[in-house]
Amino acid sequence: MSSSSSVELDSRLLQRLDKSGPRYTSYPTADRFHDRFKSKDYELALRERADGLEAGLAISPLSVYVHVPFCESVCYYCACNKVVTRDHTRATKYLDMIEREVELHLRAWRQPQQASQLHLGGGTPTFLSDAEISRLMSILRRAVSFSPDAEMSIEVDPRTVTPQRLAKLANLGFNRLSFGVQDFNEQVQAAVHRLQPFESVRDLMESARSLGYGSINMDLIYGLPKQTPESFARTLGQVAQLRPDRIALYGYAHMPERFKPQRRILTPDLPTPVQRINMLEQAIKCFKAEGYDYIGMDHFALPNDSLAVAKRQGRLQRNFQGYSTQPDCDIVALGVSAIGRVGASYSQNAKTLDQYEAALLHGHFPTEKGLRLSSDDLIRRTVVMALMCQGRLDFDAIEKTCGIKVPDYFKPELARLQAMAEEGMLVIEPRAVQLTPLGWHFVRNVSMVFDRYLG
């Protein structure tokens, strides 16, 4: 397993090599989904899974994702599917729809399935009251039994969650938290309409640790309005003081033509490209100096965190929620706009509440689009995920899994990797391709070589 702890990155190197591209939470990526994939196709995938289990076949473990779209206020940078409202009565109707969706899954499966992972995302999952989250868990458990060691995670808004609420979430079985912080600077927070004092986040993290939460993640964003390398350095110092188990560091993508809330961000307030690169360089150096392992794709974890352990042991996985310690999972995704994976297919629910509800009221899955993977898709998914998660292409393993000859099947791609080898990003061995510590920081660039849809 390649380590990334020894590589030295500077702003000139980052600027030269860092290129935009897919995050590869799936392959093919979600922009390749099409509306010819219907509700009946998703139901067929669920039935195939159930038939395989009944036949005693080796079936992928199950993960469950629930999308809660509601937010009380809008964060201007946000590109997530959300519904901004202070009307909490809307949650009751939404849970009614989730209940219908769960019943459809149970009907397709014929009996409850066991899951090893649950994630509540949004939006703001803690928009739901304690009683509503309790109801949601009861609904889920009609169709899913969670294993005793299941990872149960939820995204929480530090502005609205109290230590008492964290205790109730723990009683419901949640053992992992993700705090959306983004930046601690007050000017930056005001510019993105998300005010949350450092002290409140600190107190919540202390409460979470005292309650026994197994892992706490913190989301940060560089490239926000009013950010400077100097102000972001102070935020990094505060994050280091809190010492979350995991850190997700994202670059802000300003696309006001696509995302209406971003139109409230003034372009002159955004940091320059050089400043963005400097902030990324600062963050990487800071987290490494604080003892964090670089996981990949701007994710960091403390060495004893299960994510870092999984990477060292070659067990790291990647799905629509990012990196995961779980074995390669099928993902049942519930709620408006939620994206899932079952067998050799991907699916996405309707993106508006009206469309989502209409489908369920008519008694069928709210699938809006999806994709049935071809044999080439499955082969390339194996390769892309090996790069993204293990940083290594072992030809023997891929040939055994996929029934191909790697040097023949990927002859053009392997030729293109030569230039990256000369850059020091990877080493081409007789029967393998191995990322270097430098290459881990640009793993998406390497993966893009194998993406047939980018050709």
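The legends below describe close-up views of one predicted model. Residues are numbered from 1 along each chain as its sequence is written, and side-chain values rest on heavy atoms, with hydrogens and water left out. Because the model is predicted, local features need pLDDT of at least 70 and side-chain atom pairs count only at pLDDT 80 or more, whereas totals for chains, interfaces and linings use all residues.

**View 1. Confidence along the chain.** The pLDDT, which is the predictor's confidence in each residue from 0 to 100, averages 93 over the chain, and 96% of the residues score at least 70. Over residues 1–6 the pLDDT is below 50, although this stretch has 20 contacts in the model beyond near neighbours in sequence, a contact meaning heavy atoms within 4.5 Å. Where pLDDT is low, the predicted coordinates should not be read in detail.

**View 2. The open sheet β17-β19-β18.** In this sheet 3 strands are paired antiparallel in the order β17-β19-β18; strands (E, at least two residues) and helices (H or I, at least four) are DSSP runs numbered from the N terminus, and two strands pair if DSSP finds at least two bridges between them. Strands β17 (392–394) and β18 (426–429) stand at the edges with a single partner strand each, so one side of each is left without a neighbour in the sheet. The twist averages 15° from one strand to the next. Between β18 and β19 (residues 432–435) there are 4 bridges, and L426 has L435 as its bridge partner in β19.

**View 3. Helices on the sheet.** Helix α12 (residues 375–390) packs on the sheet, touching β17 and β19, and its direction makes about 130° with that of β17; such angles run from 0 to 180 degrees between N-to-C directions, with axes fitted to C-alpha atoms, for helices over the stretch in contact. Helix α15 (residues 411–422) lies across β18 and β19 and runs at about 135° to β18.

**View 4. Helix α7 and its cover.** The buried residues (under 20% relative accessible area, 1.4 Å probe, protein chains only) of α7 are F198, V201, L204, M205, S207 and A208. Their cover includes α5 (163–171), β6 (176–182), β7 (215–222) and α8 (229–242). After α7 comes G212, with a positive phi near 90°.

**View 5. The surroundings of S345.** S345, in strand β15 (residues 345–349), is buried with a relative accessible area of 1%. Its side chain reaches the backbone oxygen of V342 at 2.8 Å. Not counting residues up to four places away in sequence, S345 touches F37, A45, G340, L371, R372 and L373.

Conventions. Buried means under 20% relative accessible area, exposed over 50%, partly exposed in between (1.4 Å probe, protein chains only). A polar contact is a pair of N or O atoms within 3.5 Å; within protein, one must be able to donate a hydrogen and the other to accept it, and residues adjacent in sequence count only if both atoms are side-chain atoms.
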